[in-house]
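User: Hello! I'd like a close look at one residue in this model, and then a walk outward from there to the rest of the chain.

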Amino acid sequence: MEGDPTLRLRVFDLNCWAIRYLSKRRQERVQLIGDALRRDGFDLVLLQEVWSERDYSDLKVKLGGCYPFSHYFRSGVIGSGLCVFSRFPILDTLLYQYSLNGYPYMLQHGDWFCGKSVGLLRSRAGGGMGGHGPFALPSCQLHAEYCREKDAYLPHRLVQAWELAQFIRHTSKAADVVLLGGDLNMHPEDVGIRLLRGWTGLRDAFAEATRFEVSGEGVSGVPGYTGRTPTHPGACSQGCEDGCTLVPNNCFTVKSELLPFPLGIRIDYILYKAVSGFTVKCEELKTTTGTAPGMDIPFSDHEAVMATLHIRRQGQAAGDTLATAEPTLADVVTEARTEVGVGLRAAQRQRYSTGRMAVLALLLLLLQAAAALGALAGLAAGQPFPKLSFSLLAFLAIGILLLATGLHLFHTMEVKMLQGTEEQMRMALRALQERP
């Protein structure tokens with residue numbers, strides 16, 4: 001109702017870059033993150049890349065007094081890295097692991113082993129909403145880009161963005177407010193972000209914020225903030241004031257990857273929408289920059305994003321509307337479908353190549369078996385090859401056969417997933433074009 005109080009919701013989102021044995025000064029930074037969160041008292045905390053359950057347990061103990069509810073999402077070989085801390089009760093949780101997530105043989109990237117996922121958490125705000133207002137709180141991370149000029153993972157990331165959008169659409173109908181936070185590994189104007197926002201109706205907190213501020217050190221509540229009131233939503237001039245969350249002056253970032261972007265890039269987001277009977281406005285958005293208070297290191301190689309949202313009940317339900325009224329959404333879906341088609345053809349070529357390799361290895365084994373049987377039957381005057389060379393060649397053929405068969409099966413599944421996503425996009429595009 002119009003007279004209901006407004007809920008002021010403070011949200012914190014950070015990619016913690018906490019990879020055991022690989023991330024620099026990981027344990028020290030996790031402790032700093034915990035200290036900052038305990039000091040500043042947000043309502044919701046969404047963390048990514050917490051890939052050690054020990055780190056999560058340490059944070060849970062440290063933050064138990066101010067965040068009594070928390071959850072860690074488990075998936076993949078080393079875990080999804082997603083965890084949530086909340087002042088509000090957690091009603092239930094759900095984890096969805098993306099159908100495509102890179103390649104297992106790309107060991108230097110490792111995305112496949114962590115099982116990139118979206119974790120859904122449903123919560124209910126207490127007195128601020130008069131007991132009303134269940135929240136759907138997806139937290140996620142998509143496949144990293146690694147090389148923007150030759151992005152081999154773009155089709156996979158688009159499949160993930162599409163599955164994320166579909167996941168939000170089909171799980172948010174019982175919620176009043178949807179809040180998505182995470183490292184999406186996409187620039188604001190990339191097709192994946194435009195697809196996600198257009199298909200779900202989510203709004204970008206940075207673009208919608210009434211006021212944007214940059215922290216010179218640490219998190220909110222410490223000196224160093226410089227604020228601005230934009231002349232238009234999202235307008236800003238330089239540095240982290242572009243909302244960048246991966247910046248060159250962070251000592252942990254790979255400077256060579258940011259050479260095309262001297263001011264940094266924005267790949268971490270807080271997105272939101274009101275589903276029914278509520279309005280949501282972003283009053284303020286902040287990002288960190290520089291080192292943690294009193295320290296010589298930042299919290300992570302990413303900057304944190306902090307949003308203050310005002311949620312208010314309205315007299316008339318808003319409904320679960322998509323941004324399909326925009327004519328450009330059909331173009332976005334078409335663009336995404338084209339990129340998925342490119343990935344599909346590449347996957348088909350890889351499936352053919354690995355299948356051919358497996359067949360050749362099998363033929364080699366059959367020839368060796370025929371030669372060995374011929375020698376045993378006395379059809380040959382002697383062993384055609386030295387025994388050691390013959391054995392090594394057999395083991396090599398078996399190894400190639402097993403590897404090629406495994407890759408063929410993997411790329412067959414990849415082809416099917418890409419075909420399925422392309423078909424879904426085709427149906428969605430047809431529905432958009434038929435809308436009056």
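Does tryptophan 17 count as buried or exposed, and at what relative accessibility?

Analyst: Happy to help! Please keep in mind that this is a predicted model. Tryptophan 17 counts as buried because its relative accessibility is 14%, and the cut-off for that label is under 20%. The residue belongs to strand β1, which covers residues 7-18. Its backbone deserves a look too: phi is near 50°, a positive value in a residue that is not glycine. Most residues other than glycine have a negative phi.

Tyrosine 146 offers a second case of this kind, with a positive phi near 70°. That residue sits in the loop between β8 (139-141) and α4. Tyrosine 146 counts as partly exposed, because its relative accessibility is 35%.

The neighbourhood of that loop in the sequence also brings in charged residues. Glu145, Arg148, Asp151, Arg157 and Asp190 are joined in a network of salt bridges. Within this network, arginine 157 pairs with aspartate 151 at an N to O distance of 2.1 Å, and both of these residues are buried. If you plan to work from these coordinates, that pair is there for you to inspect.

Other pairs can be set beside it. Glutamate 284 and lysine 286 meet through their side chains at 3.4 Å, N to O, in a salt bridge, and both residues are buried. Glutamate 208 bridges to arginine 203, with the closest N and O atoms 3.0 Å apart. Here the partners are partly exposed: glutamate 208 has a relative accessible area of 29%, and arginine 203 is at 35%. Across the whole structure, the search finds 21 salt bridges.

Now for the nonpolar side. The largest nonpolar core contains 43 residues, and Leu164, Leu180, Leu184 and Leu196 have the most contacts inside it. At least two residues each come from β6 (117-124), α4 (154-171), β9 (177-183), α5 (191-200), β13 (268-274), α7 and α8. The core also spans the domain assignment, drawing at least three residues from domain 1 (6-215 + 237-313) and at least three from domain 2 (326-375 + 386-434).

Helices α7 and α8 come up again on the surface. Met357, Leu364, Leu393, Leu396 and Ile400 form a nonpolar patch there, with about 390 Å² of accessible area together. Both α7 (328-376) and α8 (387-434) give two or more residues to this patch, and α8 has the largest share, with three. One of the patch members, isoleucine 400, lies in α8 and is partly exposed, because its relative accessible area is 32%.

In α7 you will find valine 359, which is partly exposed at a relative accessible area of 47%. The C-alpha atoms of valine 359 and leucine 401 are 7.7 Å apart, although 42 residues separate them along the chain.

A record adds some context for this part of the chain. An unreviewed UniProt entry places the feature "transmembrane region" at residues 358-382 and 388-410. In the model, residues 388-410 are 100% helix and 0% strand, with 33 Å between the end C-alpha atoms.

So, back to where you began: tryptophan 17 is a buried residue of strand β1, with a positive phi.

How values were computed. Residues numbered from 1 in each chain as written. Predicted model: local features only at pLDDT ≥ 70, side-chain atom pairs only at ≥ 80, totals over all residues. Heavy atoms only, no water. UniProt positions renumbered as here; feature names shortened; annotations may be inferred. Helix = DSSP H or I, 4+ residues; strand = E, 2+ residues; numbered from the N terminus. Patch = residues over 30% accessible without salt bridge, like charges linked within 9 Å, V, L, I, M, F, W, Y side chains within 5 Å. Areas by Shrake-Rupley, 256 points an atom, 1.4 Å probe, with all protein chains shown as cover. Salt bridge = Lys/Arg side-chain N within 4 Å of Asp/Glu carboxyl O. Buried < 20%, exposed > 50% of the residue type's maximum accessible area, 1.4 Å probe, protein only. Core = buried A, V, L, I, M, F, W, Y, C linked by side-chain atoms within 4.5 Å. Domains from an automatic or database assignment.
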